[in-house]
Every structure is written in structure tokens, then in C-alpha cells.
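Welcome! Please take a look at the structure below, and then we will walk through some of its parts together.

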Amino acid sequence: MSKEEIHHPTAKQYFRIAMVLSVITAIEVAIFYLEFLGYWMVPILVVLSTGKFALVAMYYMHLRYDHKLFTYLFVTGVVLATVVIFAIISLFSFGIGRW
Amino acid sequence: MSTDVHNNTHEDHDYTTTGLNHRKMLMWAFLGSDCMFFGALIATYLVYQGKSLVGPYPIDVFDIPVTSVSTFVLLMSSMSMVLAYAALTQNKINGFRIWMASTAIMGATFIGFQVYEFSSFSTFHVDIESCAEQKVKYGKFDDYEAELCSNAKDDHVETHDGLKPQTNLFGTTFYTLTGFHGAHVTLGIVWILSLLFLSYKKGMITPERHLDVDLAALYWHFVDVVWIVIFTVIYLFGVFPFPGS
């Protein structure tokens, strides 16, 4: 392993990714002001921020190039966190008052 | 995609039976567990969203353009951090120092925005000359202003209570979540500055010892991805006037 070669993007590619992240953030803010979207704003913003999250994790954190075990460790945490969020919201939305 | 190739060499005792570096493995395990920490804080904020009995509410205090700028600064600091790492692996020590310094400066700028935000929230005030005239002028109030007018003894309302952690459920959950994120960013700045200063000590920061910088970079990118979630879920969803809300 100590002699393993790791492939990383070039500085130019890192810069391009930063530009994509900036553009997505600008789109998010623009969408926020489009009131006619109503509840459609939620899935759109979730998709956009998930895209930003994935770009940073894959390229800046090098998960795309590193060993898969690192990805499994991190994704496990992310999935558990998501489950915790939905579990707590469900518990408080439907559980309160029944105890 | 064209790529740079560099050797990941380090002392053999850092590698375990998994074939992976144990320090890096530990960092990823820590980041995974920190996801759950922030997940719990975000869940708590969402559970209590809209359940504050008194104002100010998110729509009264959030300033989306300002927070968008601070989000942009944090995203750019991530780029700066990854460029510092790339410079080190290419043995460009001056480039490494410049990018590390710019990362620390952008991180400090983000914290500056947060201090400004917390300060403006805590000094938030409402001054309504005449509740009756305001109704005529605008047709309706914001929830918070309407609440203040309905509780007022006379037509004039002035409050300087601001939003503090003890003000309402929104204040408690918001300051806890963003405060812990700010603490993470502050720790990251200290870590980055330590590496920057160590780079002036011969043999401490070298391409062969790039893992020391790699671990700091992973931590820094993590606080960035956490902020990506906070910005969308807390700020954008918190202020948007959903139909019927």
C-alpha cells in the first residue's frame, strides 16, 4: 500500500470544480427568490445541495480516487445521520401526545 | 480526465493489515461520526422549526444575500485548501504556504461573517411608529410585528430584545447548530495555521509527509460540506414563504 499511486485532479480541474460549486450556489439563491415554485423549491434545492456535497466529497476529499473503504466509512455516517434526522422528525410529528 | 500522479509514500508502520493508513482511516471514521453529530443538531432544529412561542423568527432575522457571500467564501477556501495540498505534493513549498494562508484568511472571513450575523441577530429590534397606520400602509404585518402589535398596550411598539439563545426555540437550536459549526471552522483555522508555521521548520512539512496536510484538508472540506447542508436546510428553507405558511 505504501507504494500505491493515487491519481488526483490537476489544479485547473480543482478550479473548474470550484466554479461549478459557485454557479450551483448562485442558482440556489436565485431559485430561492422564485416564489412561484412553491413547494417545488424543496426537491430542487435538495438535489442542488446534494450535488455540491457530492462534488466536494468526490473531488476535493478525493473519495473518487481513494480506497473504497474510506467511502464506506463516510457514507455510513451520512446515511445514519439522514436516518436520525427522519427518525427524530417522524417521532416528534407522529409520536408526541401518544405516550 | 487527465491526472497528476504522485507517490503516496510514508513510513511502513503507518499501514495496517487493511493495507490502509490508520491515521487516514481514523480521520474518515471521525468524519463519519461527526456527520451523525451534526445530523442530530439539524434534526433538533427541524423538529422545533415553527414551534417558537415568541419572535423573532427566521424570516425576521435571516439575511440571505449576506449568508450567500459567506457560503461562497467557505467554498473558495475549500478550493484553496486542495490547491495547497496539490502544491505540496508537487514540492512547491511557496505555493503551499500561499494557498494555506489564503485558506486561513477565507476561514477567518467566514467566522467574521458569523460574528456579524450573531451580533446583528442579538441586537435585532423592531420600531413600529403606529400599528394602525402600518396596517393601512402595508395591509398586513409580518408574523412577529403582528404579534408585537397585538400584545402592545398602545399604538407604538418598540422592542430591543433581539434573538439570543434563550429567546425562543429557534434561537436555542439555531445558535447551537451554527455555533458548533463555527467552532469546527475555528479549530480548522488553528490547524491550518499550525501547519503553515511548521512549514518554516525544516523537514516538518515535506511532500513525503503530505498525509499531515491531507488530514487537515479532509477536516476542512468536511466543515464545508456540513455548511452546504446548513445553508440549504436552515437558511433557504427557513425563510422561504411556503404557500399556506
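## A residue in the core

Let's start with one alanine. Leaving out residues up to four places away in sequence, B:Ala84 touches B:Phe96, B:Trp99, B:Met100, B:Thr103 and B:Val213. Keep in mind that this is a predicted model, as we come back to confidence further down.

B:Ala84 also has a place in a bigger picture. The largest nonpolar core holds 71 residues, and B:Ile42, B:Val82 and B:Ala84 are the ones that touch the most other members. Chain A gives two or more residues to this core from each of α1 (11-32), α2 (41-60) and α3 (68-95), and chain B does so from α1 (22-47), α3 (64-89), α4 (93-122), α7 (169-198) and α8. Which element gives the largest share of this core? The answer is α8(B), with 19 residues. As a general rule, nonpolar side chains in soluble globular proteins tend to be buried together.

## The layout of chain B

Now step back to chain B as a whole. Chain B contains eight helices and three strands. Read from the N terminus, the order of its elements is β-α-α-α-α-β-α-α-β-α-α.

Chain B has 245 residues, and 36% of them count as buried. Take the contacts in chain B between residues at least 6 apart in sequence: 76% of these join residues at least 24 apart.

## Helix α8 of chain B

How does the length of α8(B) agree with what its 29 residues should span? At 1.5 Å a residue the helix should span 42 Å, and its end C-alpha atoms lie 41 Å apart, so the two values agree. There is a bend of about 30° in α8(B) at B:Ile230. Because 24 of its 29 residues are buried, α8(B) is largely enclosed by the rest of the structure.

One residue to find in this helix, which covers residues 211-239, is B:Leu215. Is B:Leu215 buried or partly exposed? It has 19 other C-beta atoms within 10 Å, and being buried takes 20 or more, so B:Leu215 counts as partly exposed. Apart from neighbours within four places in sequence, B:Leu215 makes contact with B:Arg23, B:Lys24 and B:Met27. B:His181 is 34 residues from B:Leu215 in sequence, and their C-alpha atoms are 18 Å apart in space.

## Helix α4 of chain B

Next comes α4(B), a helix of 30 residues. From its first C-alpha to its last it reaches 43 Å, close to the 44 Å expected at 1.5 Å a residue.

The buried residues of this helix are B:Phe96, B:Trp99, B:Met100, B:Thr103, B:Ala104, B:Met106, B:Gly107, B:Phe110 and B:Phe121. You may notice the spacing of the numbers in that list. An α-helix has 3.6 residues a turn, so residues three or four places apart point the same way. What do the buried residues of α4(B) pack against? Their partners are α2 (58-61), α3, α7 and α8 of chain B.

## Two residues with positive phi

Here are two loop residues to look up. In the loop between α3 and α4 of chain B you will find B:Asn91. B:Asn91 is not a glycine, yet its phi is positive, at about 65°. With 13 other C-beta atoms within 10 Å, B:Asn91 is partly exposed.

In chain A, the loop between α2 and α3 holds A:His62. A:His62 is also a residue other than glycine with a positive phi, near 65°. A:His62 counts as buried because it has 20 C-beta neighbours inside 10 Å.

## Chain A and its confidence

The domain assignment divides chain A into domain 1 (8-66) and domain 2 (67-99). Taken over C-alpha atoms, the centres of these two domains are 22 Å apart. Helix α2 of chain A includes A:Met58, which is partly exposed, with 15 other C-beta atoms within 10 Å. Not counting residues up to four places away in sequence, A:Met58 touches A:Leu63 and A:Arg64.

How sure is the predictor? The average pLDDT of chain A is 85, and 88% of its residues score at least 70. Within chain A, confidence is highest in α2(A), with a mean of 92, and lowest in strand β1 (residues 5-8), with a mean of 64. Where pLDDT is low, the predicted coordinates should not be read in detail.

Terms used:
Residues numbered from 1 in each chain as written. Chains lettered and ligands numbered in written order. Predicted model: local features only at pLDDT ≥ 70, side-chain atom pairs only at ≥ 80, totals over all residues. Domains from an automatic or database assignment. Helix = DSSP H or I, 4+ residues; strand = E, 2+ residues; numbered from the N terminus. Buried ≥ 20, exposed ≤ 12 C-beta atoms within 10 Å, placed from the backbone. Contact = placed C-beta atoms within 7 Å. Expected span 1.5 Å × (residues − 1). Bend = angle between axes of the 7 residues up to and from the residue. Core = buried A, V, L, I, M, F, W, Y, C linked by C-beta atoms within 7 Å. pLDDT = per-residue confidence, 0-100.
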